[in-house]
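Student: I have a model open and want to test the labels put on it. Can we go through them one by one?

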Amino acid sequence: MDMSALREINEWMIDGARSAPTPAQMMAESCERAVRAGLPLWRVGVFVRTLHPEIYGRHFFWKPGGEVEVGSVAHDILDSPEFAVSPLSIVFKQGVEVRARLDDPASTRFPVVQDLQAEGVTDYIALPLINTDGPPNASSWTTKQPGGFTEEQLNAIRSITVPLARYIEIVTLRRTATLLLDTYVGNRAGERILGGQIRRGHADTMDAAIWLSDLRGFTALSDRLPAETVVEILNLYFDCQVAAIRDQGGEVLKFMGDGLLAVFPVDEYVGDEAQVCSRVLEAARASRAGVAALQFPNGEAVERFRFGVALHLGRVLYGNIGGGNRLDFTCIGPAVNLAARLEKIAGKLGRTVVASERFAGICEGGWSDLGEFPIAGFAKAERVYGLHDEAPRAAAG
C-alpha cells in the first residue's frame, strides 16, 4: 500500500474535501483514491443518523465504477427484523467494530453475509464513526481479495474513519440545522436565518397571498376528548393542508392551536399575482376535499371535521419579531390582520373558503359576492367572496 497516498486522503478530508462539493462526491473521490493507494475495496457504505421527524438516517453506497447510491430510511427501520440482526445495529447501539469473514461459520449469524457471498465478497467489517458528542454513525467496508483484508489494510481503513467521522459530523450539523429550520419555521425563513438574518428587527416587506385557516368546533372538540386524541386529530387535520400548500409553492409559517398561517410569495419582478392566487385556490380546494374525507374513529362513533380558510393578497412585513433572546420569524401587517378577520367571517357565514375582494378579483375561480362586512379595526368595510360550488352551512365556532 502507498501509505503516503493514504495520508493525503486523510489530510484532504481534514481540510474539508474541498474538491468534492457534495457528500456523495466526497465519498466517491475518497474511495477511488483509497483503491489507487492499494486498498482492495469492493463495496463501501456510510450510514448517518439524522434529526428529522420522518427520517431516521441516510445511507451512501459506493462500488468501483458506479455512481454513489444515496437513500434514506424511516424511523420504523429500528423495529424491523432485518435491522435487529444487522452488524450495523451493533455498531449503532454499542459503538464497536463488527467483523464478518465470510469463511468463518460464526459470520452466518448475519443474513447480510449470504448476500455478500453471492457477490464474491470475502471479508466485511463495520466500523463506528465516532462523533465528538452523541451516538456514533457507522460505516461498512468489504473486499473480494482472497483471504480478506490484511491487518495492515484494516488499520488503514480505521485511520480513514477518523477524519471521515469529523467530515460527516460537520456536514450533518449543517444539514440538521437546515432541516430543523425547515421543519419549525419553513424553508424561506430557514434560508434567511442561516444566511445571518437573526437579529430582532431584521425584516423585509413582500407581496404575498395569505392563507389563514382554523378547524371548526375545535373548542368543543378539545373539551370532550382527551388531550392526546386532540393532538392526533390536529396532526391528521394539518396533514390535509400542509402537503397541498407546499405542493402549490406556499410556505407554512405558524401553527396556532388549530389555526394555520401560510404565505405564497409573489415574485416582485415577474408580477405573477394571478398564477400565485390560482395555485392558492387549488391548494384550498385540495385541503377542503382532504378535510371533508377525514374520519377519526371514536368508540362506536366516527368524528368528521370541517374547517375554514380565508384568502387575501397584500403586502406583509416578514422577519424577526420578539423579545430579548426569544424571537419568532413570521409575517405581520394589515394584510395578515384582514385575513384573520375574514376567517372569522367565514365561520359566521358557514363557508369553508372565502376571499377578499382583491384576491377574488385577480383569481378566476367562480366566486359569489357574499356582501360587504364591517371589519374590526379597519376603517372601511370589506366585500367578501365565496366559491360558487360551495353551499353555506350552519355557522360553527
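**Labels and their grounds**

Tutor: Start with the second largest pocket. β2 gives the most to its lining, with 5 residues. This is a predicted model.

Student: Which other elements line the second largest pocket?

Tutor: Those giving two or more residues include β1 (44-49), α3 (81-84), α4 (87-94), α5 (112-118) and β6 (137-143). The lining has 27 residues in total. F47, F61, I77, S86 and L88 lie nearest the centre. The volume is about 600 Å³.

Student: How does the lining of the second largest pocket divide into nonpolar, polar and charged residues?

Tutor: It has 15 nonpolar, 6 polar and 6 charged residues.

Student: Now helix α1. How do you know that its span agrees with its number of residues?

Tutor: α1 covers residues 3-14, which is 12 residues. At 1.5 Å a residue they should span 16 Å. The end C-alpha atoms are 17 Å apart, so the two agree.

Student: Which residues of α1 are buried?

Tutor: A5, L6, I9, N10, W12 and M13 are. Each is therefore under 20% relative accessible area.

Student: What puts the buried residues on the same side of α1?

Tutor: They cover an arc of only 160° around the axis, so they share one side of α1. Residues three or four places apart in an α-helix point the same way, because there are 3.6 residues a turn.

Student: Which exposed residues does the face turned away carry?

Tutor: E11 and I14. Exposed means over 50%, so both pass that cut-off.

Student: What makes the contact at the start of α1 a polar one?

Tutor: A side-chain oxygen of D2 comes within 3.2 Å of the backbone nitrogen of S4. The cut-off is 3.5 Å, so the pair qualifies.

Methods:
Residues are numbered from 1 along each chain as its sequence is written. This is a predicted model: local features need pLDDT of at least 70, side-chain atom pairs count only at pLDDT 80 or more; totals for chains, interfaces and linings use all residues. Side-chain values use heavy atoms; hydrogens and water are left out. On a 1 Å grid over the protein atoms alone, a cavity is a set of points where a 1.4 Å probe fits but cannot get out, and a pocket is an open set with protein on both sides within 12 Å along at least five of seven lines; lining residues have an atom within 4 Å of a point. Grid points are joined across faces, edges and corners, and a volume is the space filled by probe spheres set on the points. Helices (H or I, at least four residues) and strands (E, at least two) are DSSP runs, numbered from the N terminus. Ala, Val, Leu, Ile, Met, Phe, Trp, Tyr, Cys and Pro count as nonpolar, Asp, Glu, Lys and Arg as charged, and the others, Gly among them, as polar. The expected span of a helix is 1.5 Å times one less than its number of residues. Buried means under 20% relative accessible area, exposed over 50%, partly exposed in between (1.4 Å probe, protein chains only). The arc is that of the directions from the helix axis to the C-beta atoms. A polar contact is a pair of N or O atoms within 3.5 Å; within protein, one must be able to donate a hydrogen and the other to accept it, and residues adjacent in sequence count only if both atoms are side-chain atoms.
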